[in-house]
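Welcome, and thank you for taking a look at this one with me. Please have the sequence and the 3D view open while you read.

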Amino acid sequence: MSGVLLAGGAAAALFASAFTAQGVSSAPDAPPEKIQISVNTVNGSGCPKGTAAVAVASDNTAFTVTYSDYLAQVGPTSNPTDIRKNCQLNLGVHVPQGFTYAVAQVDYRGYGSLQKGAKGTEKASYYFQGSSDTASRTHDFSGPYNDNWQTTDSTEYSELVWAPCGQDRNFNINTELRVSAGTSASGTTSFMAMDSTDGGANTIYHLAWKECP
Amino acid sequence: MPGVLYAGGVVAALFASTLTSQAYAQPPFDTVPPDKIVITVATVNGSGCPAGTAAVAVSPDNTAFTVTYSEYLAQVGKGAKPTDFRKNCQLNLVTHVPQGFSYAIASVDYRGYAHLEKGASATEKASYYFQGQSQTTSASHDFAGAYDDNWQVTDTADIATVVWSPCGELRNFNINTELRVNAGSSNTQNTTSFMTMDSTDGDVSTTYHFAWKECPQK
């Protein structure tokens, strides 16, 4: 996928530590102008080139990524490094002037097959390009487990991390799956997949809005 | 990715005293602001990021970038080849430095994951070379097993440049990153220690700029 956006525009560089939602008490409506969400890159050990698909919702406030090869595993037929896979999304969110945005809710869905004693983890890390501040959420699963799983990362409106006003920085979401054998019987396989087989449900990113001062 | 256009960028950075826009098949920037340093990623290559395994996203204002990797992993132990203990990935950045004197801070964030058995250790190292500066800087960050989690480190470098050409210059900035894993006293017959790099994020923040002559308007 194309990695470069050359959209001109001037903005001073600064860091995410300045991001706050101070003085904002309620969520305004989305701006009337059309916004554009672009997925600049999708890449990682769990989504190498050609294995992820992206669909943007018709109202431009959400999008979906599906994976065909995103699976972490332990067991006799897996490589030792298969215990952890990741997939990082780099999003361009082009907002109307005077508005900024934050990610309010993220839903992850997949499948887990964990032997008794094994453990699985779904983790997502969020940060703005150029900022060292990283927010993360972790969800753990314990075997025995053999079913679909779904996790949601949501944040109270007052605690959202807003994109810097007047700046056009991309947003990164680094998801990962981990599996550990734990006390499970040797010779058995445990795995965690994100949207492994049916191509159904997915990773949906909801956006929230506020007005810049 | 724009990498094809600048395949000779690394060589140019080492041997050319200046690199002008004539060296490029097309300008790397649509427009450049008069008062700050802007960057784009020319090439990404190395044993940890062979062709097709790295993705580049540059911010719309050309002051920040994100590189993500799908195969940047160094390992030792069971299942690892003897040469897998060290992987590297070199980024060659084209920077436009405005005419005059600029003072900027380059900040680079590295993020990844490490699984290190007890007794094993690992290192993330980055070497920085900014054309026009005599100084080559490197920074290392060490990790010791037992370790099983994400890692993140940040390097910050001050950049002071003086550009005499009337309309600014294109210069190359090289960042050579590497991951090393050392088995140490860990069991290499039955266990594996590894370290991955998920992403590299760069940011150039121009904090001071002084120009003594304006470029002619186009």
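The numbered points below walk through a predicted model, from chain A to the contact between the chains and then to chain B.

1. Let us begin with the make-up of chain A. How many helices and strands are there in chain A? The count is zero helices and 12 strands, so that, read from the N terminus on, the elements run β-β-β-β-β-β-β-β-β-β-β-β. Of the 213 residues in chain A, 41% are buried. If you take the contacts in chain A between residues at least 6 apart in sequence, 79% of them join residues at least 24 apart.

2. A good place to zoom in is strand S3 of chain A, residues 63-67. Four of its five residues are buried, so this strand is largely enclosed by the rest of the structure. Its partner to look at is strand S2 of chain A, residues 52-56: the two run antiparallel and are joined by five bridges. To find the pairing on screen, start from A:Ala52, whose bridge partner in S3(A) is A:Tyr67.

3. Next, a detail of the chain A backbone. The peptide bond from A:Gly143 to A:Pro144 is cis, and its omega is near 5 degrees. You will find A:Pro144 in the loop between strand S8 (135-142) and strand S9 (145-154) of chain A.

4. Now for the place where the chains meet. How many residues does the contact take from chain A and from chain B? Chain A gives 36 residues and chain B gives 45 residues. On the side of chain A that touches chain B, the elements giving two or more residues are strand S1 (36-43), strand S5 (84-94) and strand S10 (171-180) of chain A. S5(A) supplies the largest share of that side, four residues. Sorted by class, the side of chain A that touches chain B has 21 polar, 11 nonpolar and four charged residues.

5. Turning to the interior, the largest nonpolar core has 51 residues. Which residues have the most contacts inside it? They are B:Val41, B:Val44, B:Val56, B:Phe65, B:Val67 and B:Val181. Strand S6 of chain B, residues 100-116, contributes the largest share of this core, with seven residues. There is also a second, separate core of 32 residues, and A:Ile37, A:Val42, A:Ala118 and A:Ala124 are among them. As background, nonpolar side chains tend to be buried together in soluble globular proteins.

6. B:Val67 deserves a closer view. Setting aside neighbours within four places in sequence, B:Val67 is in contact with B:Val41, B:Val44, B:Ala54, B:Val56, B:Leu91, B:Ser199 and B:Thr200. B:Val41, B:Val44 and B:Val56 also appear in the list of residues with the most contacts inside the largest core.

7. The sheet in chain B is worth tracing strand by strand. Five strands form an open sheet with antiparallel pairing, in the order S1-S5-S10-S7-S8. Strand S1 (38-45) and S8 of chain B stand at the edges with a single partner strand each, so one side of each has no neighbour in the sheet. On average, and ignoring direction, neighbouring strands of this sheet are turned by 20 degrees against each other.

8. Within that order, look at strand S10 of chain B, residues 169-182, which is mostly covered, with 12 of its 14 residues buried. Strand S5 of chain B (residues 86-97) runs antiparallel to S10(B) and is joined to it by 12 bridges; here B:His96 stands opposite B:Leu170. Strand S7 of chain B (residues 121-130) also pairs with S10(B) in the antiparallel sense, over 10 bridges, and B:Tyr129 has B:Asn174 as its bridge partner. S7(B) and S8(B) pair over nine bridges, again antiparallel, with B:Ala122 partnered by B:Phe143 in S8(B).

9. Finally, two loops of chain B. A cis peptide bond joins B:Gly145 and B:Ala146, with omega about 5 degrees, and B:Ala146 lies in the loop between strand S8 (136-144) and strand S9 (147-163) of chain B. B:Asn62 sits in the loop between strand S2 (54-58) and strand S3 (64-69) of chain B. Its phi is near 60 degrees, a positive value in a residue other than glycine. Is B:Asn62 buried or exposed? B:Asn62 is buried, because 30 other C-beta atoms lie within 10 Å, against a cut-off of 20 or more.

How values were computed:
Residues numbered from 1 in each chain as written. Chains lettered and ligands numbered in written order. Predicted model: local features only at pLDDT ≥ 70, side-chain atom pairs only at ≥ 80, totals over all residues. Core = buried A, V, L, I, M, F, W, Y, C linked by C-beta atoms within 7 Å. Contact = placed C-beta atoms within 7 Å. Nonpolar A, V, L, I, M, F, W, Y, C, P; charged D, E, K, R; others polar. Pairing = 2+ DSSP bridges. Axes fitted to C-alpha atoms, helices over the stretch in contact; angles between N-to-C directions.
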